[in-house]
Amino acid sequence: PFEERNISEELYSISRDLFDNAHYAQATFEAFKYLDNLVQNISKEPESGYKLMMKVFSEVKPVLKLNPLKTKSEIDEQLGFKMIFAGAMSGIRNPRGHDFNIKDDIDLCLDHMSFVSMLLRKIREAGYKKGSVT
């Protein structure tokens, strides 16, 4: 299923074994934790989660630019992705990091993996290189 959904190869070592062993909520959590750590490492910002994403992807003074921010459309895109990244941390990652009773099914997990893959691709398309995540 990872290949069929074109899941980012960056997530293979992070979530594939958990996924293959039907630990879907944990696979999702680890993928989004990876994304959070990656943004933190690239931006060199100490925050994490929602606060990190709101700061680094700001459309006013971004730490990480997703585009040149010269047109209204580019500014709108930056604003939109700021909210998408921040919302993903609050709405997807955080519940799986704080609650023990979340039981995702295979399809929801694959949707989450596709979503985090899209966000990773957006970062890479903006020119931010692959780096180690600690």
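Is D104 buried or exposed? At 10% relative accessibility, D104 counts as buried, where buried means under 20% relative accessible area, exposed over 50% and partly exposed anything in between (1.4 Å probe, protein chains only).

A quick word on what you're looking at. This is a predicted model, in which local features need pLDDT of at least 70 and side-chain atom pairs count only at pLDDT 80 or more, while totals for chains, interfaces and linings use all residues. Residues are numbered from 1 along each chain as its sequence is written, and side-chain values use heavy atoms, with hydrogens and water left out.

**Salt bridges**

The structure holds 11 salt bridges, each one a side-chain nitrogen of Lys or Arg within 4 Å of a carboxyl oxygen of Asp or Glu. Here are some of them:

| Pair | Closest N to O |
|---|---|
| E3 and R16 | 3.2 Å |
| E30 and K33 | 3.2 Å |
| R96 and D104 | 2.8 Å |

D104's partner, R96, is also buried, at 14% relative accessibility. Elsewhere, salt bridges that share partners join E3, R16 and D20 into one network.

Take the E3 and R16 salt bridge. E3 sits in the segment before α1 (12-20) and R16 in helix α1, so the pair ties together parts that are 13 residues apart in sequence. Helices here are DSSP runs (H or I, at least four residues), as are strands (E, at least two), numbered from the N terminus. R16 is buried, with a relative accessible area of 18%.

E30 and K33, on the other hand, both lie in helix α2, 3 residues apart, or about one turn of the helix. E30 is buried at 18% relative accessibility, while K33 is partly exposed at 30%. As a reminder, an α-helix has 3.6 residues a turn, so residues three or four places apart point the same way.

**How α3 packs**

Which residues of helix α3 (residues 49-56) are buried? They are G49, L52, M53 and V56. These cover an arc of only 95° around the axis (taken from the directions from the helix axis to the C-beta atoms), which puts them on the same side of α3. They pack against α2 (24-43) and α4 (72-98), with contact meaning heavy atoms within 4.5 Å.

On the α2 side, L35, D36, V39, Q40 and S43 meet G49, L52, M53 and V56 of α3. The axes of α2 and α3 come within 10 Å and cross at roughly 45°; axes are lines fitted to C-alpha atoms, for helices over the stretch in contact, and angles run from 0 to 180 degrees between N-to-C directions. α2 and α3 are therefore oblique to each other, as angles under 35 degrees count as roughly parallel, over 145 as roughly antiparallel, 65 to 115 as roughly perpendicular and the rest as oblique.
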